[in-house]
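Reader: I would like to go through this structure feature by feature, and for each one I would be glad to have the general idea before the particular case.

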Amino acid sequence: MQFQTYIGGRGNSQLAYADDRVSVRTMKRNPQVIAFMTPFPYSVDVDAPLKDAHALMREHRFRHLPVTSAGAIVGVLTDRDIKLVLGPDFDHPKEEELSVRDAYVEQPCVVSASTPVATVARTMAEKRIGSAIVAKDGKLVGIFTVTDACRALAQVLEGQQGEEPNDAA
């Protein structure tokens, strides 16, 4: 089977078979993080009660929660941060006495929505962090987590598997 590779603008490649069968596959060579992030995540104010933030995370089953102050991104709260501040018995100090400010991580990894997903994943791996906050014009638009990175990897690997071309007839 003969085929030619055409490289289109913005990193797209298409395979066109030389005989009557045609299969066109488009795969971005370096897609942006916006394509794989979780859009419009919940966020919490830095002065909110920690118990409310923890309840929100348990209810919606996520582990990373962007933290804001007056609409600006100031940090991230993780389930691990909550466990660390509450101690091994989850009761000292009392969760009701704490605010998000007592547990969150300041200066989170914040990336632009147009940042290549490979760059974000590499940064997360090098810094050993579980999420990156995605912003556009300084506003929260998403969050990219290790789970999102695994989904992106699966899509890329599945897209690169050999496929038999479909008959055009």
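Author: We should begin with confidence, since this is a predicted model, and pLDDT is the predictor's confidence in each residue, on a scale from 0 to 100. Here the protein averages a pLDDT of 80, and 75% of the residues score at least 70.

Reader: Over which residues does pLDDT stay under 50?

Author: One such stretch covers residues 1–27, for which the model nevertheless has 55 contacts beyond four places in sequence. Another is residues 161–169, where pLDDT also stays under 50 and the model has 10 contacts of that kind.

Reader: Turning to the interior, which residues touch the most other members of the largest nonpolar core?

Author: That core is a set of buried nonpolar residues joined through side-chain atoms within 4.5 Å. It has 16 residues, and those touching the most other members are V44, L65, V67, L77 and V100. At least two residues each are supplied by α1 (50–60), β6 (64–69) and α2 (79–86), and the largest share, four residues, comes from α1. If we set aside its neighbours within four places in sequence, V44 is in contact with A53, L65, P66, V67, T68 and V100. There is also a second, separate core of 14 residues, which includes F36, M37, C109 and A113.

Reader: How should I read the pairing of β6 with its partner strand, and where does a positive phi occur?

Author: As a general idea, side chains in a regular strand alternate between the two faces of the sheet. In this model, β6 and β7 (residues 72–78) run antiparallel and are joined by six bridges, with H64 standing opposite T78 in β7. The hairpin of β6 and β7 has two residues between the strands, and A70 takes a positive phi near 55°. β7 also pairs with β8 (residues 105–106), in the antiparallel sense and over two bridges; there the bridge partner of G75 is E106 in β8.

Reader: In what order do the four strands of the open sheet lie, and which are the edge strands?

Author: The order is β4-β11-β10-β9, and the pairing is mixed. The edge strands, each of which pairs on one side only, are β4 (38–39) and β9 (110–112). On one side of the sheet order, β4 is joined to β11 (residues 139–145) by two bridges in an antiparallel arrangement, and P39 stands opposite G142 in β11. Helix α3 (residues 117–127) packs on the sheet, touching β9, β10 (131–136) and β11, and the direction of α3 makes about 65° with that of β11.
The parallel part of the mixed pairing includes β9 and β10, which pair over three bridges, V111 having V134 in β10 as its bridge partner. Five of the six residues of β10 are buried, so β10 is largely enclosed by the rest of the structure.

Reader: What describes a pair of aromatic rings, and which residues form such a pair here?

Author: A pair of aromatic rings is described by the distance of the centres and the angle of the planes. Y42 and F62 form a stacked pair, with 5.8 Å from centre to centre and 20° between the planes; planes under 30 degrees apart count as stacked. The pair links distant parts of the chain, 20 residues apart, with Y42 in the loop between β4 and β5 (44–45) and F62 in the loop between α1 and β6.

Reader: Are these two rings' residues buried, partly exposed or exposed?

Author: Y42 is partly exposed, with a relative accessible area of 42%, and F62, at 21% relative accessibility, also counts as partly exposed, because buried means under 20%.

Note on methods
Residues numbered from 1 in each chain as written. Heavy atoms only, no water. Buried < 20%, exposed > 50% of the residue type's maximum accessible area, 1.4 Å probe, protein only. Contact = heavy atoms within 4.5 Å. Pairing = 2+ DSSP bridges. Axes fitted to C-alpha atoms, helices over the stretch in contact; angles between N-to-C directions. Phe/Tyr/Trp six-rings, centres within 6.5 Å; stacked < 30°, edge-to-face > 60°.
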